[in-house]
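Subject: Structure handover and notes

Dear colleague,

I am passing on the structure we spoke about, with the sequence alongside. My notes on it follow below, and I would be glad if you read them with the structure open.

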Amino acid sequence: MNAAETPTLSITLLGAGQEVGRSCCVLQYRGKTIVCDAGVHPAFTGMASLPFVDELDWSTVDALLVTHFHLDHAASLTYILEKTNFKDGKGKVYMTHATKAVYKFMMQDFVRMSSSSGDPLFSALELSLTLPLIIPVSAHQQISPCPGVSFIPYHAGHVLGACMFMLDIAGLKILYTGDYSREEDRHLVKAEVPPVRPDVLIVESTYGVQSLEGRPEKEAMFTSEVHAIIRRGGHVLLPVFAMGRAQELLLILDEYWDQHPELHNVPVYYASSLAKKCMAVYQTYIHTMNANIRGRFEKRDNPFVFKYISSLPHSRNWEKKVADGPPCVVLASPGFLHTGASRELLELWAPDSRNGLIITGYSVEGTMARDIMNEPDEITGLRGNTIPRRLSVRYVSFSAHVDYSQNAEFIDLIGAKHIVLVHGEQTAMGRLRGALQSKYKDRDEDVKVHTPRNLETLNLTFRGERVAKAIGSLANNPPPANAESLLSGLLVSKDYSYTLLDPKDLREFTGLSTSDVLQMVRIAIGCGLELVRWHLEGMYGFVQEGLDKESGVRVMRVMGAVDVKYISETELMLEWIASASNDMVADSVIAVLMGIDSSPASDVKPVFKHQNPHPHASKRRDHGYSPEEAAVLRLERIIHFLEAHFGDVHMHEPKPVLEPEPAIIVKLDDNEARINLVRMTVHGDSEPLRRRVESVLQMAIATTGSLAEQFTSADRNPTSDYEDARAAAVQEEQVQQEVTTAG
């Protein structure tokens, strides 16, 4: 395969290249284009938050796959569907059922928040027009959006409905993880390891080489900090997103409150306009959660009907009313504190040192959540005013992303030869790349780690290996594991997949049918048929003779492939079924026939065969023998070949009980080798002699066979020559006895 034909996978990041946010990964291979995720950057607003959508002709996209409902992975989908040329193509959009259910509510809230800021990317109407275009899929369901492309979603943990996609593009396997978690929490399963090994792994690198605390330690730190703030009479602000970690924290708080009666009079509020809608979705998709949640639900103990948590009504100035009220805990969105209820509460509570802020998720660079973790003395309000910061700030990560140890373990389990790191800040990603490369270098493993920037196209080339699946009768009768014979059949290619089957099964499995092309050529001759036969036998060893069933004319079949018909004294007709090998034989036959008149041998060739007896005729048999007679001749020639190399050899006749198969014995000095004439194998105590005899035997078999024998040997067992020869000898002896008896 030359360089121009070498298949190349192109990976271009329109977002999340050495950054966290606006995930959008473009995969292009063998004329197919797949896009994974379409998010916005939470640190920016309006057009600046979008991926670099102008860098792609969206009409060429075959499929757009969304891993989960978080804004940084899904919020630009409506813009792409409505305000690019995506609809001019045949592309389809896929996400899981649970993701689509939550996505609808998330995007309605996103449109409302964007409109209030005066920089909306699209309207509520445009959102509603795109929702029917989304095709929901289930985990482990194989989907084929277009010929040559298929994918299977696998559970990714992280949030409800999140999945990773195992893509198959023209035989190349790519695993795109999106955000994933390898830690089973209170309600979600951990990310699966797909059973298929991909060629390329595109994986998040959010935490780089950072290691996080274990789950029991994190829960203890979190509840202790909440309790401490309540004891000092303060308010606890937990900035969260409406869906995802919020549900996990609610489960932890509800259980902790149940275990601590002194907290029963302290309210816990879930301040989100999506709270009730989101909880309804969670209860609908209980079956996708872990065994703990499913078990409780089967006992009619709905884990999402909380005893100590209530939704906070969004009345006018509710934030100030809560701030002026008694100590409480408020979970408010969004998680990055850049706008909305969480930002309003932060600005109200920041000046009071009794209050506390607990950051529980990953914070993107450039957002208030990231900035306030540095504990500045002042923060800037949404109205540009300066606000003193006296409330405590604590970071306890419940982020459902993998840390270094979990990510490295998962990467090893996947076993891809190319690892592409995305969704990570430049420094963290660079450290992770260095750690992985060092590990693979120590193991002496050839694994490439890539960290492309946004709009930097990564080109990966792969060897043009093809795997064909045997079906039908070929699959029902596989060759033995140690067999050296070739598997023969028709190779059918469709949508970059290959199938090997018996021609008889072609119509049943593919709907196709086979046909033969009959080739015919007329050749003028100036000699008799016997001379033609003599020349053909001289070239090919022997030819088969008979009469044509339809016309009754004499026919000679050359090498079992080409029929030479004697149409008249001046004309021959060649017929054969077209194929690469048969065409080659036909060309050579035509060349022989066209050269008869100019051949010097034609002047001395007698008209009738064997009309001049020769005393050594029995030893010079050459052409015109039946297959049985040809086998006798070939065996004699093999023996002569062996004698020329080793001197006298001895024929060992079979003994029915002890040695049922005939053999030839070759002796050299005190060593002896035995050639089994049925299997054409060599045995002996002396390994050097055995190898030498075996080598000479192979040369003898190749040298003594005619072109016709070698051409047709694929349909015949070459080790049966001795049996044919012996049968011919027995038949000849019987004929002689019959002649003697008749005389």
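His645 is found in helix H19, which covers residues 627-646, and in this predicted model the residue is partly exposed, with a relative accessible area of 37%. Leaving out residues up to four places away in sequence, His645 touches Arg692, Val696 and Met699. For one of these, Val696, the separation from His645 is 51 residues in sequence, while the C-alpha atoms of the two lie 7.9 Å apart in space.

That contact across the sequence can be set beside the figures for the chain as a whole. Among contacts between residues at least 6 apart in sequence, 67% join residues at least 24 apart. The chain has 743 residues, of which 50% count as buried, and its secondary structure comes to 22 helices and 34 strands. Its accessible surface comes to about 36500 Å², and 50% of that surface belongs to carbon and sulfur atoms.

Among the strands, I looked at one sheet in some detail. It is an open sheet of seven strands with mixed pairing, in the order E6-E5-E4-E3-E2-E1-E22. The edges are formed by strand E6 (134-137) and strand E22 (458-461), each of which pairs on one side only, and neighbouring strands of the sheet are turned by 25° against each other on average, if direction is ignored. As a reminder, strands of a sheet pair through backbone hydrogen bonds, and they do so either parallel or antiparallel. Within this sheet, strand E2 (residues 24-29) and strand E3 (residues 32-36) run antiparallel and are joined by five bridges; Cys25 has Cys36, in E3, as its bridge partner. Helix H3 (residues 97-117) lies across strand E5 (92-96) and E6, and runs at about 100° to E5.

Helix H12 (residues 404-414) has a buried set made up of Gln406, Asn407, Ala408, Phe410, Ile411 and Ile414. These buried residues pack against strands E9 (163-169), E10 (172-176), E11 (200-204) and E20 (418-422), and also against helix H13 (426-443). Just after H12, Gly415 takes a positive phi of about 75°.

Helices H12 and H13 are also linked by a charged pair. Arg443 forms a salt bridge with Asp412, with the closest N and O atoms 3.2 Å apart, and this pair links distant parts of the chain, since Arg443 is in helix H13 and Asp412 in helix H12, 31 residues apart. Both partners fall in the partly exposed class, Arg443 at 40% relative accessibility and Asp412 at 31%.

How many salt bridges does a search of the whole structure find? The search finds 37, and two further pairs may be worth setting side by side. In the pair formed by Asp548 and Lys565, the closest N and O atoms are 3.2 Å apart; Asp548 sits in the loop between strand E27 (543-547) and strand E28 (554-558), and Lys565 in strand E29 (residues 562-568), 17 residues apart. Asp548 and Lys565 are both buried. In the pair formed by Asp324 and Lys320, the closest N and O atoms are 3.4 Å apart; here Asp324 is exposed, with a relative accessible area of 56%, whereas Lys320 counts as partly exposed at 46%.

Salt bridges that share partners also join Glu183, Arg186, Arg215, Lys218, Glu219, Glu248 and Glu255 into one network. Arg215, Lys218 and Glu219 have numbers that fall within helix H5 (residues 215-231), which is also the place of Thr223. Is Thr223 buried or exposed? Thr223 has a relative accessible area of 8% and is therefore buried, the limit for that class being under 20%. Apart from its neighbours within four places in sequence, Thr223 is in contact with Ile252 and Tyr256.

Finally, there is a nonpolar patch on the surface, of about 270 Å², made by Leu518, Met520 and Ile577. Met520 belongs to strand E26 (residues 518-524). With a relative accessible area of 51%, Met520 is exposed, because that class begins over 50%.

With best wishes

Definitions and conventions:
Residues numbered from 1 in each chain as written. Predicted model: local features only at pLDDT ≥ 70, side-chain atom pairs only at ≥ 80, totals over all residues. Heavy atoms only, no water. Patch = residues over 30% accessible without salt bridge, like charges linked within 9 Å, V, L, I, M, F, W, Y side chains within 5 Å. Areas by Shrake-Rupley, 256 points an atom, 1.4 Å probe, with all protein chains shown as cover. Salt bridge = Lys/Arg side-chain N within 4 Å of Asp/Glu carboxyl O. Helix = DSSP H or I, 4+ residues; strand = E, 2+ residues; numbered from the N terminus. Buried < 20%, exposed > 50% of the residue type's maximum accessible area, 1.4 Å probe, protein only. Contact = heavy atoms within 4.5 Å. Pairing = 2+ DSSP bridges. Axes fitted to C-alpha atoms, helices over the stretch in contact; angles between N-to-C directions.
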